[in-house]
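Good morning, and thank you for the time on today's agenda. I should like to walk you through a structure that is new to this group, beginning with the overall fold and then moving to the details.

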Amino acid sequence: MKKEISVTNKRGCVFTLTDRQPYQRKRDGSWTELLIWTSNCIVCGKPFAIKTPSNYENNGAFALIHCDEHKLTQDEINNRRRQGVAAAKAAGKYKKAGRVYA
Ligand SMILES: [Zn+2]
């Protein structure tokens, strides 16, 4: 039986390795593999896919938790960041240099 490979991100979303595709590196033209992972949107449950290099440990793509329809725009991300900073400042827990928000 084929072993299923999956990654669980910090938010508890599970990404399952579903496909691999050949990928030619732009840098030197050599061939490698891209891994295709699928997970489900935390809002609507719709499956969505991400791609990572074969060396996928700690890849930023695993931070995604939404389908295209529900993913945040850059403006929304910036707004949330501002709100987080404002809330931390109000609570007296914001440290500019130390990246302490909570
Ligand atoms: Zn969705």
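Let me begin with a definition: helices, of at least four residues, and strands, of at least two, are DSSP runs numbered from the N terminus. Please keep in mind throughout that this is a predicted model.

On that basis, the protein chain contains one helix and four strands. Their order along the sequence is β-β-β-β-α.

Now to the overall dimensions. The C-alpha atoms occupy a box of roughly 50 × 35 × 25 Å along the principal axes. The radius of gyration of the protein chain is 18 Å, whereas a compact globule of 102 residues would have one near 13 Å. As for burial, 7% of the 102 residues count as buried. Among contacts with a separation of 6 or more, 19% are between residues 24 or more positions apart.

How is the protein chain divided into domains? The assignment gives domain 1, residues 6–70, and domain 2, residues 72–102. Taken over C-alpha atoms, the centres of domain 1 and domain 2 lie 27 Å apart.

I turn next to the sheet. In general, strands of a sheet pair through backbone hydrogen bonds, in either a parallel or an antiparallel manner. Here we have an open sheet of four strands in the order 1-2-3-4, and the pairing is antiparallel. Strand 1, residues 6–8, and strand 4 are the edge strands, each pairing on one side only. From one strand to the next, the twist averages 35 degrees.

Let us follow the sheet from one edge to the other. Strand 1 and strand 2 run antiparallel and are joined by three bridges. Within this pair, Thr-8 faces Val-14 of strand 2. The two strands form a hairpin with five residues between them, and Gly-12, in the turn, has a positive phi of about 85 degrees.

Strand 2 covers residues 14–24 and strand 3 covers residues 31–40; the two run antiparallel, with eight bridges between them. Two of the matched positions are worth pointing out on the screen. Thr-16 stands opposite Thr-38 of strand 3, and Gln-24 has Trp-31 of strand 3 as its bridge partner. The hairpin of strand 2 and strand 3 has six residues between the strands, and Gly-29 adopts a positive phi near 75 degrees there.

Is strand 2 buried or largely in the open? Of its eleven residues, the number buried is one, so strand 2 lies largely in the open. The cut-off behind that statement is that a buried residue has 20 or more other C-beta atoms within 10 Å of its own.

The remaining pair is strand 3 with strand 4, residues 47–53, which run antiparallel and are joined by seven bridges. Leu-34 stands opposite Pro-53 of strand 4, and Leu-35 stands opposite Thr-52 of strand 4. This hairpin also has six residues between the strands, with Gly-45 at a positive phi near 85 degrees.

Allow me to stay with the loop between strand 3 and strand 4 for a moment, where Val-43 is found. Is Val-43 buried or exposed? It has 12 C-beta neighbours inside 10 Å, and a residue counts as exposed if that number is 12 or fewer, so Val-43 is exposed. Setting aside neighbours within four places in sequence, Val-43 is in contact with His-66 and His-70. Val-43 and Thr-18, by comparison, are 25 residues apart in sequence, and their C-alpha atoms are 21 Å apart in space.

The last residue I wish to show is Asn-58. Asn-58 sits in the loop between strand 4 and helix 1, residues 74–90. Its phi is near 60 degrees, a positive value in a residue other than glycine. Asn-58 is exposed, with 8 other C-beta atoms within 10 Å.

To recapitulate, this predicted model presents an open, antiparallel sheet of four strands in the order 1-2-3-4, and the sequence pattern places the helix after the strands. Thank you for your attention.

Key. Residues are numbered from 1 along each chain as its sequence is written. This is a predicted model: local features need pLDDT of at least 70, side-chain atom pairs count only at pLDDT 80 or more; totals for chains, interfaces and linings use all residues. The radius of gyration is taken over C-alpha atoms; the globule rule is 2.2 Å times the number of residues to the power 0.38. Two residues are in contact if their C-beta atoms, placed from the backbone, lie within 7 Å. Two strands pair if DSSP finds at least two bridges between them. Domain bounds come from an automatic or database domain assignment. Axes are lines fitted to C-alpha atoms, for helices over the stretch in contact, and angles run from 0 to 180 degrees between N-to-C directions.
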